[in-house]
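Visitor: I would like a short tour of this structure. Please take it question by question.

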Amino acid sequence: MTTVAELPAGFADKVLSAQSTFRSVMDAMARPGTVQRITAVAGTPAAMMRGTAAFALTLFDHDTPIWLDERMSETSEVTKWLKFHTSAPVIADSAVSSFALIGHPRELASLDRFAFGSNEYPDRSTTLILQVESLTQGPAIGLRGPGIDGQAILQAMIQPPDLFERLEVNVSLFPRGIDVVLVHDDAIVAIPRTTRLVPRGG
Amino acid sequence: MYVAVKGGERAIENAHRLLAHERRGDRDVPEVSLSQISEQLSLGVDRVMTEGSLYDRELAALAIKQARGDMIEAIFLVRAFRATLPRFGATEPVDTGAMRVRRRISSTFKDVPGGQILGPTFDYTHRLLDPQLAEGFSPEAPALGEASTAATPRVTDILGRDGLIEPSPVADAGTPVGDLTREPLSFPADRDLRLQNLARADEGFLLALGYSSQRGYGRNHPFAGEIRFGEVEVEFVAEDAGFAVPLGAIAMTECQMVNQFKGSATEAPCFTRGYGLAFGQSERKTMSMALVDRSLHARDLGEEVTAPAQDEEFVMSHSDNVQATGFVEHLKLPHYVDFQSELGLLRKLRKEFSEATEAPPMQEAAE
Amino acid sequence: MNAPTYNFAYLDEQTKRMIRRAILKAIAIPGYQVPFASREMPMPYGWGTGGVQVTAAILGPEDVLKVIDQGSDDTTNAISIRKFFGKTAGVATTTATSDATVIQTRHRIPEAALHGGQILVYQVPIPEPLRFLEPRETETRRMHALGEYGLMHVKLYEDIARFGHIATAYAYPVKVNARYVMDPSPTPKFDNPKMDNCPALQLFGAGREKRIYAIPPHTNVVSLDFEDHPFTRYRFDAPCALCGADDSYLDEIVTDDKGSRMFVCSDTDYCESRQLAGHRGSESAAPHKERAHG
């Protein structure tokens with residue numbers, strides 16, 4: 001059994017690390033497709049990338065039920081770490097989660113297993129955090145929408161390969177929808193529900 | 001030559017200095033101490049603790065002193081401090097049935113188990129100003145008697161045993177009690193949130209609403225089943241310890257109203273409840289709260305919602321005096337910019353109006 | 001006695017997390033009012049508690065903060081809020097629009113164009129644009145859910161029928177990203193076009209009403225109007241008496257009781273920058289400036 005002393009540490013400076021991480025996340029959300037860096041340092045459970053860990057330490061607490069995919073819940077380390085540092089409840093029902101941590105995005109469950117919010121309260125939705133292979137190299141993806149001046153180009157290696165096709169559900173459901181944060185190491189990119197793929201050649 | 005008004009920073013500093021000076025008043029008069037406020041203006045302290053949502057007599061006394069006796073300002077000070085406190089969890093529900101009763105009356109039964117206890121009350125004082133109190137008055141020691149060991153069961157529990165009153169809703173351990181200071185309110189609101197809102201609500205606002213229900217705006221035939229005031233134990237279950245740890249005793253007032261009965265073809269008629277609870281001795285507050293709580297039951301009971309006191313959105317959105325005073329008083333802040341915009345529009349409309357009315361009658365007015 | 005101690009930027013971390021989550025949702029759903037559990041702040045509701053909570057949740061030690069009320073850095077409430085953050089967060093403050101990374105405002109958008117590195121935080125008294133037409137939250141929430149804004153158009157149209165114009169001079173409603181009708185806070189409608197396609201992130205905080213909403217950078221913001229009654233800006237048709245600007249929103253100053261008036265920029269930083277650059281109006285005096293810090 002892992003003891004508290006063996007768990008990876010949280011932020012050294014909780015207040016300022018959370019602030020700087022939040023600003024990176026907020027900038028990412030306000031400027032979809034841009035790569036933002038997480039500078040705060042924290043210990044990370046083996047299944048978690050630095051960006052994911054910092055995101056969790058910054059935004060999770062006992063008011064945010066968390067869902068973990070198989071990769072994240074292979075061992076109990078992530079659950080224990082989250083519980084110890086954030087007090088966030090880890091739950092089995094993804095449909096009522098505030099955040100879902102996806103360590104193995106190739107196996108990402110169907111999006112309708114998560115919360116889209118309601119038309120009255122579209123904010124009551126799940127934010128997906130996907131750990132991906134690269135956010136600086138890979139095929140170019142053209143994005144448009146609020147937060148983007150014209151078009152943003154993201155070069156990334158993202159799983160699942162049909163992520164953006166799946167996110168088209170955000171078009172028909174809006175204002176309901178799913179917001180996504182992509183993480184690779186200390187880099188993050190946000191794809192809020194308003195972001196649209198620019199068709200190739202478009 | 002025009003120079004824009006400047007120096008706001010110094011003006012603020014000077015205003016604060018002057019305020020402190022005025023608060024102290026004549027320096028030849030001894031300064032009032034917190035214990036004097038807490039001991040001798042104790043009902044004011046109780047109100048500040050109740051509407052400030054923080055049980056701390058000393059801080060409430062400080063707030064009253066700092067606010068120069070302005071109760072809403074004092075409540076505001078306490079609330080602003082409370083908002084910064086870490087939250088460890090919620091206590092176990094207090095058992096008011098086990099209250100060490102200092103006052104307890106029922107208007108529905110002549111005698112009740114445990115007896116009627118008049119206790120410290122203004123009720124039968126003649127409201128004649130008492131010059132003796134002006135200075136140096138030392139009251140007689142209170143009459144002492146043997147403390148009763150008899151239990152003082154709640155009158156509503158006695159009625160409930162025979163099914164004469166609707167059952168008190170049973171707390172579901174799996175559903176945490178709502179907290180409108182942590183979660184934004186949405187409508188319709190459940191009773192836990194309604195009661196929390198009423199407990200924090202302005203006493204005067206509830207008094208007026210309760211009064212309006214008595215005068216026929218959503219009448220619900222209330223009886224004061226019981227009002228009790230005394231000390232209750234507060235216990236907290238720390239997750240690590242796994243058992244309830246006593247935190248100490250606090251003074252509380254509870255009022256249970258017994259109201260107009262309901263019933264249907266399928267349901268035997270029974271009385272309905274209205275509930276009020278507050279810190280310290282706060283009888284007017286708890287009675288008003290109980291009246292409004294019952295009025296807000298209207299929707300659950302299938303009654304027609306016609307009166308302000310029955311309108312949950314109206315009551316809950318306007319009951320908080322810290323919110324209300326802030327928004328009313330914000331009209332003191334500068335509004336030059338929006339006023340200027342309004343002024344410009346009004347001048348334009350007036351100009352067009354006069355042009356139109358002076359124009360030949362054939363021409364159409366601005367429609 | 002429990003002597004009070006306060007966290008960086010006043011708010012405790014749990015409150016900041018809650019507000020930060022609300023801000024992210026607000027950005028993801030432009031113009032939608034996200035409910036949040038607004039805290040009691042050490043200043044009255046209606047005096048900027050929403051803006052202060054948003055600012056406190058985003059502010060970091062590297063930020064440079066500007067606070068304006070009615071466009072001015074020197075109004076008492078602006079000074080009070082600026083001092084609050086100077087004291088609780090130790091951040092640098094400025095009156096220069098271009099130097100600020102975070103600008104908290106009440107009732108104005110600065111005249112100088114904002115840039116991408118900036119965040120504009122609005123103080124909002126009544127966030128619900130439909131509130132004056134329908135007082136019930138349950139109803140207005142349904143209207144937003146369905147995107148059913150007929151009532152607002154009826155109101156604007158009634159204005160035209162009665163006055164020949166849309167009789168809304170401030171807090172003029174806008175539609176954000178072609179979906180949500182949004183209250184821009186009580187800014188004069190002169191400022192509305194500045195919200196459209198703005199490079200800066202715009203955040204709105206309503207403390208008493210417990211709502212946060214946002215306009216991401218480069219987002220489409222349209223003032224509601226009719227084809228035959230298009231939206232128009234209003235400014236008093238005169239140059240600023242101090243700096244001569246003919247493109248800025250003006251305050252009217254009553255100079256005697258005989259009807260004499262003068263008009264000066266409401267944005268004091270804009271006006272002073274112009275005067276420092278040598279621009280003069282009819283009533284110019286050397287600008288006498290009280291700097292908040294250094």
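Visitor: What includes strand E11 (250-254) of chain C among the things that cover it?

Guide: This is a predicted model. In it, strand E11 (250-254) of chain C is part of the cover. What it helps to cover is the set of buried residues of H12(B).

Visitor: Which residues of H12(B) are buried?

Guide: Buried here takes 20 or more other C-beta atoms within 10 Å of the residue's own. In H12(B), the residues that qualify are B:Val337, B:Asp338, B:Gln340, B:Ser341 and B:Leu345.

Visitor: Why does the distance between the end C-alpha atoms of helix H12 of chain B agree with what it should span?

Guide: Helix H12 of chain B covers residues 336-358, which is 23 residues. The expected span counts one less than the number of residues, at 1.5 Å each. That gives 33 Å, so the ends agree with it, being apart by 32 Å.

Visitor: Which helix gives the largest share of the side of chain B that touches chain C?

Guide: The contact takes 48 residues from chain B and 55 residues from chain C. On the chain B side, helix H1 (8-24), helix H4 (57-66), helix H5 (71-82), helix H11 (321-329) and H12 each supply at least two residues. The largest share is 11 residues, and it comes from H12(B).

Visitor: Which helix supplies the largest share of the largest nonpolar core?

Guide: That core has 168 residues. A:Ile129, A:Leu182, A:Ile188, C:Ile23 and C:Ala26 touch the most other members. The largest share is eight residues, from helix H1 (residues 13-28) of chain C.

Visitor: How many residues are in the other core, apart from it?

Guide: This other core includes C:Phe190, C:Ala241, C:Cys243 and C:Cys271. Its count is 13 residues.

Visitor: Which residues is A:Leu182 in contact with, leaving aside neighbours within four places in sequence?

Guide: A:Leu182 is among those that touch the most other members of the largest core. Beyond its sequence neighbours, its contacts are A:Leu130, A:Val132, A:Leu135, A:Ala156, A:Ile158, A:Ile188, A:Val189 and A:Ile191.

Visitor: Which are the edge strands of the open sheet in chain C?

Guide: The sheet has three strands in the order E7-E6-E10, with antiparallel pairing. Each edge strand pairs on one side only. They are strand E7 (180-182) and strand E10 (221-223).

Visitor: What is the bridge partner of C:Val176 in E7(C)?

Guide: Strand E6 (residues 174-176) of chain C runs antiparallel to E7(C), and three bridges join them. The partner of C:Val176 is C:Tyr180.

Visitor: Where in chain B is the pLDDT below 50?

Guide: Chain B averages 91, and 96% of the residues score at least 70. The low stretch has five contacts beyond near neighbours in sequence. It is residues 363-367.

Notes:
Residues are numbered from 1 along each chain as its sequence is written. Chains are lettered from A and ligands numbered from 1 in the order in which they are written. This is a predicted model: local features need pLDDT of at least 70, side-chain atom pairs count only at pLDDT 80 or more; totals for chains, interfaces and linings use all residues. A nonpolar core is a set of buried Ala, Val, Leu, Ile, Met, Phe, Trp, Tyr and Cys residues joined through C-beta atoms within 7 Å. A residue is buried if 20 or more other C-beta atoms lie within 10 Å of its own, exposed if 12 or fewer, and partly exposed in between; C-beta atoms are placed from the backbone. Helices (H or I, at least four residues) and strands (E, at least two) are DSSP runs, numbered from the N terminus. Two residues are in contact if their C-beta atoms, placed from the backbone, lie within 7 Å. pLDDT is the predictor's confidence in each residue, from 0 to 100. Two strands pair if DSSP finds at least two bridges between them.
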